[in-house]
Amino acid sequence: MKPKPRPSLRLELLEARALLSTLIAESEPNDRARLADQVTFDPTDNSADVTGTIATRNDRDFFQFRSPGAGTADLSFASNTVVGKVSVEDAAGNKLFETEPNDGVNSGSFAIQAGQNVFIRVRGGSKAVGDYSVHLSLSDNVTIASTRSRRSRFRILPIAFRGSSPTNSTIVGH
Ligand SMILES: [Ca+2]
């Protein structure tokens, strides 16, 4: 006889999906703008977390997003090992923002236009290699179309359990 699915299973899946939606992991090769990894923003908080690895001193990682509206983007680079330099350019190669790791500047803000293609390049600024993360957050006035509208159909329902704990019990009503 098949075991019955746990009553909490659906909630756990939703939580995992929500976390994954904001996390963009690099995929090599991404050393050129045309090979850039696409960044998607979570419409619930207008943010995205990018992760990558500077594998060699010549490695460079490109990420790209198309701005859904005009506003401001906040960028923050973090790494335990890499003195990384982040450059942000538009499609024409105009510089929008650049960190200055040698001066301790690893975050900042820049203006974005509606429909603008924004390219983010991460380089290792020294011989150090390792993992890094880049947090991106768009200002509240930039509206992001939700591609997960089905999510709104789910609601948290009060559930009555009979048993010693929610993971070791039987749903008796909701
Ligand atoms: Ca790369």
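Select Ala-25 and Thr-51 in this predicted model. Thr-51 lies in β3 and is the bridge partner of Ala-25. Now widen the selection to the two strands around this pair. β1 and β3, the latter covering residues 47–54, are joined by three bridges and run parallel.

**The sheet around this pair**

Next, select β1, β3, β10, β5 and β8. In that order they make up an open sheet of five strands, and the pairing in the sheet is mixed. Colour residues 23–25 and 107–112 to mark β1 and β8, the strands at the edges. Each of these two has a single partner strand, so one side of β1 and one side of β8 are left without a neighbour in the sheet. Turn the view to look along the strands: neighbours in this sheet are turned by 20 degrees against each other on average, with direction ignored.

**Val-39**

Keep β3 in view and go back along the chain to Val-39. This residue sits in the loop between β2, which is residues 37–38, and β3. Is Val-39 buried or partly exposed? Val-39 counts as partly exposed because it has 18 C-beta neighbours inside 10 Å, while a buried residue needs 20 or more.

Add Ile-24 to the selection and draw a distance between the two C-alpha atoms. Val-39 and Ile-24 are 6.3 Å apart in space, with their positions 15 residues apart in sequence. Ile-24 is one of the residues that Val-39 touches, leaving aside those up to four places away in sequence. The others to select are Ala-48, Val-50, Phe-63, Gln-64, Phe-65 and Leu-136.

**The hairpin of β6 and β7**

Move on to residues 84–90, which are β6, and 95–98, which are β7. These strands run antiparallel and are joined by three bridges. Select Glu-89 to find one position on this ladder: its bridge partner in β7 is Lys-95. Then look at the turn of the hairpin, where four residues lie between the strands. Gly-93 in this hairpin takes a positive phi near 90 degrees.

**The whole chain**

Finally, clear the selection and show the chain as a cartoon. How many helices and strands does the chain have? Its secondary structure comes to one helix and twelve strands. Followed along the sequence, the helix comes ahead of the strands in the pattern.

Colour by burial next: of the 174 residues in the chain, 20% are buried. For contacts, take those between residues at least 6 apart in sequence; 72% of them join residues at least 24 apart.

Key: Residues are numbered from 1 along each chain as its sequence is written. This is a predicted model: local features need pLDDT of at least 70, side-chain atom pairs count only at pLDDT 80 or more; totals for chains, interfaces and linings use all residues. Two strands pair if DSSP finds at least two bridges between them. Axes are lines fitted to C-alpha atoms, for helices over the stretch in contact, and angles run from 0 to 180 degrees between N-to-C directions. A residue is buried if 20 or more other C-beta atoms lie within 10 Å of its own, exposed if 12 or fewer, and partly exposed in between; C-beta atoms are placed from the backbone. Two residues are in contact if their C-beta atoms, placed from the backbone, lie within 7 Å.
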